[in-house]
Amino acid sequence: MTSRVWPSGGQHLWPSGGSSSVQSHARGHLVYAATGVLTVHTDRGTSVVPANRIAWTPAGSTHRHRAHGDTDMRVVFLAPSLAGRLPDRPAVFLATGLAREVVLALSGPHHHGGTEPGYSRSARARLLRVLVDELREAQEQPLYLPEPRDDRLRAMARVLTETPEDNSSMAELGRTIGAGSRTLSRLMRNELGMTFYEWRTQLRIHHALVLLAEGHDITHTAHACGWANPSGFIAAFTHLIGSTPGRYRAGRHGAADSS
């Protein structure tokens, strides 16, 4: 890993498969993958960060990062006054064109006085306010997968994480872990705020983003993630990501594809 770090943030160039140690910070921070895909793991869940999303991790949250494909990771720390305007939990936001350019400007390699990118303190403050305003205007995106707390949900999550191609119904999975479908449905609604179908689709799209970043083709990715044919996968991927897998894989998956 190659890093450029300064008090307000920095840039980390990760090889595919690179990961950080478990850590936490006194300030909340935003992360963006200018290239590649990042996963941000916390004890509350996992965020997937392709190049048209920005992930938020609040202050004090224990977390680690992992790169999928060669990844250019940008980090921007926020002062408490600005962090208080974002959720008190991990979240993923749409990277609009403006938000993307502000993050790149604030985390770029051009230093001012050897310690910060080339902006005065007042200019940085203005850019940070613009960035937070832009994120607040953008809707949170369904690329944050909460971590189940209940042991039965954890067991089901383990099965589907290890075998995302498994097309067993919730009732069938419930029989293997000793829980009825009504119980599982209630737990998912109360703990995760989503249905089994929504949760499994998000988990599969998470896995698909990783496979595409690692160079797998669309047909292989579709089958590895449980779709019988690529067309169903393309529709689900486009709905969640805002870009077709083909455009995403070709590197044309910037914020403009999400409009």
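**Exercise 1. Charge distribution.** Determine how many positive and negative side chains the protein chain has, and how far apart the centres of the two sets lie.

*Solution.* The protein chain carries 28 positive and 22 negative side chains. The centres of these two sets are 4 Å apart. These values, like those below, refer to a predicted model.

**Exercise 2. Overall architecture.** Establish how many helices and strands the protein chain has, and assess its radius of gyration against the globule rule.

*Solution.* Step 1: the protein chain contains 10 helices and 10 strands. Step 2: its radius of gyration is 19 Å, whereas the globule rule gives 18 Å for 259 residues. Step 3: the two values are close, so the protein chain is as compact as a globular protein of that length. Step 4: the C-alpha trace spans about 60 × 35 × 30 Å along its principal axes.

**Exercise 3. Burial and surface.** State what percentage of the residues in the protein chain is buried, and what share of the accessible surface belongs to carbon and sulfur atoms.

*Solution.* Of the 259 residues, 50% are buried. The accessible surface amounts to about 11900 Å², and carbon and sulfur atoms account for 50% of that area.

**Exercise 4. The setting of histidine 63.** Decide whether histidine 63 is buried or exposed, and describe its surroundings.

*Solution.* Step 1: histidine 63 belongs to strand 6, which covers residues 63–77. Step 2: its relative accessible area is 1%; buried means under 20%, so histidine 63 is buried. Step 3: a polar atom of the histidine 63 side chain lies 2.9 Å from the backbone oxygen of serine 61. Step 4: leaving aside residues up to four places away in sequence, histidine 63 touches several residues, among them His25, His29 and His41.

Definitions and conventions. Residues numbered from 1 in each chain as written. Predicted model: local features only at pLDDT ≥ 70, side-chain atom pairs only at ≥ 80, totals over all residues. Heavy atoms only, no water. Helix = DSSP H or I, 4+ residues; strand = E, 2+ residues; numbered from the N terminus. Rg over C-alpha atoms; globule rule 2.2 N^0.38 Å. Buried < 20%, exposed > 50% of the residue type's maximum accessible area, 1.4 Å probe, protein only. Areas by Shrake-Rupley, 256 points an atom, 1.4 Å probe, with all protein chains shown as cover. Lys, Arg positive; Asp, Glu negative; His and termini not counted. Charge placed at Lys NZ, Arg CZ, Asp CG, Glu CD. Polar contact = N/O pair within 3.5 Å; in protein donor to acceptor, adjacent residues only side chain to side chain. Contact = heavy atoms within 4.5 Å.
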